[in-house]
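Q: Please take a close look at one part of this structure, and then say how the rest is set out around it. I would like a connected account.

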Amino acid sequence: MNENSSSNEAAASPPVITIRQMAAHVGEEVTLEGWLYGKTGKGRLQFLQIRDGAGICQAVVFKGNVSAEIFELVRQLTQESSLRVTGVVKADARAPGIPGGYELDASGLELVQLAAEYPIQPKEHGVEFLVKNRHLWIRSSRQWAVLRVRATVVRAIRDWLDRNDFLNVDTPILTPNAAEGTTTLFEIDFHGEPAYLAQTGQLYNEANILAFGKVYCFGPTFRAEKSKTRRHLQEFWMVEPEIAFCDLGGLMEIEEQFVSHIVQRCLEQNGEELALLERDTSYLERVTPSFPRIHYDEAVAIVNRAADAGELVPGYDDKVPHIEWGADFGSPHETYIAAQFDKPVFVHHYPTQVKAFYMEPDPERPEVCRSVDLLAPEGYGEITGGSERMADVDKLVAGIKAHDLPMDAYDWYIDLRKYGSVVHSGFGLGLERTVAWICGTAHLREVIAFPRTLGSMRP
RNA sequence: UCCUCGGUAGCUCAAUCGGCAGAGCAUCCGGCUGUUAACCGGGUGGUUGUUGGUUCGAAUCCAACCCGAGGAGCCA
């Protein structure tokens with residue numbers, strides 16, 4: 001392994017391997033580097049659960065196989081102590097771990113650091129305590145699994161878009177104005193001029209597609225909403241594809257291919273993580289094209305039929321509230337609608353008045369627009385929102401006026417309709433809502449390493 | 001901003017009508033060769049969120065405030 005070592009030295013220090021590689025080293029003496037995740041002492045037999053970041057495995061220390069000093073050291077080991085363990089890899093069906101089935105029959109142990117008393121025990125804790133200890137909580141197996149699924153989702157997003165000829169063109173985070181008003185923006189000082197943390201890259205995406213055809217931006221986005229629920233973060237990640245020469249129907253086809261690919265990739269690559277999370281993957285296996293599509297009119301009818309029948313919102317004690325045609329759906333409405341389907345469901349043609357100024361009105365019925373939201377099953381809410389954008393310069397100017405937005409802030413955006421304007425569409429997918437749905441986690445704060453919620457930005 | 005629930009040992013919780021603040025886990029000591037959040041025996045551990053009030057007596061009742069949770073609205 002190390003060409004500088006003599007053969008004698010190589011024999012004296014066994015190779016360092018990862019827990020993932022153990023199956024290929026059965027019967028060989030190896031060293032693992034990691035942290036003590038848990039320990040069960042049974043007199044002269046000590047079971048150590050070792051994590052190395054990519055897996056968990058058991059090291060068995062029998063008093064007769066190590067020196068008296070090392071055995072005493074093992075008895076004193078504290079949770080999360082960092083260490084190197086050397087021993088022979090054995091296949092044993094009794095061995096727990098990720099992946100399980102292999103254990104290390106320890107012959108030596110080097111303590112790197114004896115950890116101070118670790119606050120998080122392998123048992124139940126309250127949310128407040130765990131959130132305060134987020135910097136440690138991420139070591140726990142459930143959090144570890146969730147963040148690994150998140151990484152898969154990020155890879156799947158980039159792979160699918162790159163493979164389908166979307167160019168990654170990232171958009172600014174410091175912006176002088178919002179796409180849809182300024183009520184939920186974080187304001188900062190740009191050398192004496194007010195600026196805002198971006199809550200979408202969409203307007204810039206629309207400039208970029210006229211240069212590159214199909215683009216996406218992917219990064220953090222910021223909402224200063226006073227939302228304190230399991231479905232909201234102040235800082236979250238969003239991927240926003242935008243496509244030239246694409247109408248609403250084309251957009252929905254792209255979205256269902258994209259979302260299905262993400263889900264199927266997680267099933268392929270994160271079986272162990274989803275099993276550890278006790279996720280019922282039968283819901284996820286069904287997530288393949290095509291997804292059901294319902295018109296806003298039909299969605300209103302579904303909600304009001306349920307409201308008239310006194311049905312409850314799935315998962316809650318509250319009745320489904322009635323809705324007037326023309327209003328936007330609230331969370332209880334979305335939860336009810338999504339529960340009527342066993343796949344994500346598109347709701348399209350929302351009322352023009354409740355949607356953003358740039359969405360293209362339906363030419364037959366201008367009171368509704370070519371917008372579409374994708375609602376995730378099982379109460380995870382809206383995971384994408386998108387629309388066909390206004391391509392006509394006069395309609396766009398009228399839309400900006402109708403929404404009382406400052407015309408001069410949009411001069412460059414209006415420009416885009418003067419130089420080769422085309423039918424175009426785009427959407428944004430919320431990364432954390434998608435990961436939370438795939439993992440089945442109760443709260444969005446678990447699917448990002450260091451969440452920023454209305455209540456907290458520490459640690 | 002509004003509504004609901006909560007704050008007791010390091011952690012998770014209990015404490016009947018207002019009457020000695022207590023368990024499990026963690027930690028410490030002892031025991032155990034197959035444990036999976038082991039088990040058995042023993043020890044340590046308290047300004048009951050804060051301030052004020054009622055009372056012979058307050059974790060418990062009252063008031064204000066602080067902190068947390070998740071729901072509405074808004075949104076991905």
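A: The account below takes strand β11 as its part, then moves to its neighbours, the cysteines, unusual backbone geometry and the RNA. The model is a predicted one.

Strand β11 covers residues 214-222. Seven of its nine residues are buried, so the strand is largely enclosed by the rest of the structure. β11 pairs with two strands named here, in opposite senses. Strand β7, residues 167-168, runs parallel to β11, and the pairing is made over two bridges. Strand β12, residues 235-244, pairs with β11 in the antiparallel sense, over nine bridges.

Y216 takes part in both pairings. On the β7 side, N168 has Y216 as its bridge partner in β11. On the β12 side, Y216 has P241 as its bridge partner. Y216 is thus a residue of β11 that can be used to find both neighbouring strands in the view, with N168 to one partner strand and P241 to the other.

Ahead of β11 in the chain is helix α6, residues 202-212. The buried residues of α6 are Q202, L203, N205, E206, N208 and I209. In an α-helix there are 3.6 residues to a turn, so residues three or four places apart point the same way. The buried residues of α6 pack against β11 and β12, and also against α13 (411-415) and β17 (424-430). Just after the helix comes G213, with a positive phi of about 85°. β11 then begins at residue 214.

The cysteine within β11 is a natural next point. C217 is buried, because its relative accessibility is 3%. Its sulfur lies 16 Å from the closest cysteine sulfur, that of C246, which is too far for a bond. The structure as a whole holds zero disulfides. C57, another cysteine, counts as buried because its relative accessibility is 0%.

Past the end of β12, the chain enters the loop between β12 and α7, and F245 lies in this loop. F245 has a positive phi of about 55° although it is not a glycine. Most residues other than glycine have a negative phi, and most peptide bonds are trans. F245 is exposed, with a relative accessible area of 70%.

A second residue with this kind of backbone angle is E378. Its phi is near 60°, a positive value in a residue other than glycine. E378 sits in the loop between β15 (371-376) and β16. With a relative accessible area of 32%, E378 counts as partly exposed.

Helix α7 spans 248-269, and N270 is placed in the loop between α7 and α8 (271-276). N270 counts as buried because its relative accessibility is 3%. Leaving aside neighbours within four places in sequence, N270 is in contact with R148, V149 and T152.

Two cis peptide bonds can be added to the list of backbone features. A cis bond joins P289 and S290, with omega about 0°. S290 is found in the loop between α9 (282-285) and β13 (293-295). The bond from R458 to P459 is also cis, with omega near 0°. P459 belongs to the segment after α14 (431-439).

That leaves the RNA. RNA strand B has 46 residues around it, of which T40, F62, R230, E382 and R433 come nearest. By class, this surface has 12 nonpolar, 15 polar and 19 charged residues. The elements that each supply at least two residues of the surface are β1 (29-42), β2 (45-51), β3 (56-62), α3 (127-132), α11 (331-339) and β16 (381-388). Seen from the RNA side, 47% of the strand B atoms within 4 Å of the protein belong to sugar or phosphate, and the rest belong to bases.

Some polar contacts with the RNA can be given individually. A polar backbone atom of E382 is 2.5 Å from a sugar or linking oxygen of RNA strand B. For T384 the corresponding distance, again from a polar backbone atom to a sugar or linking oxygen, is 3.5 Å. Y316 uses its side chain instead, with an N or O atom 3.3 Å from a phosphate oxygen of RNA strand B.

Methods: Residues numbered from 1 in each chain as written. Chains lettered and ligands numbered in written order. Predicted model: local features only at pLDDT ≥ 70, side-chain atom pairs only at ≥ 80, totals over all residues. Heavy atoms only, no water. Helix = DSSP H or I, 4+ residues; strand = E, 2+ residues; numbered from the N terminus. Buried < 20%, exposed > 50% of the residue type's maximum accessible area, 1.4 Å probe, protein only. Contact = heavy atoms within 4.5 Å. Pairing = 2+ DSSP bridges. Disulfide = S-S within 2.5 Å. Near = heavy atom within 4 Å. Polar contact = N/O pair within 3.5 Å; in protein donor to acceptor, adjacent residues only side chain to side chain. Nonpolar A, V, L, I, M, F, W, Y, C, P; charged D, E, K, R; others polar.
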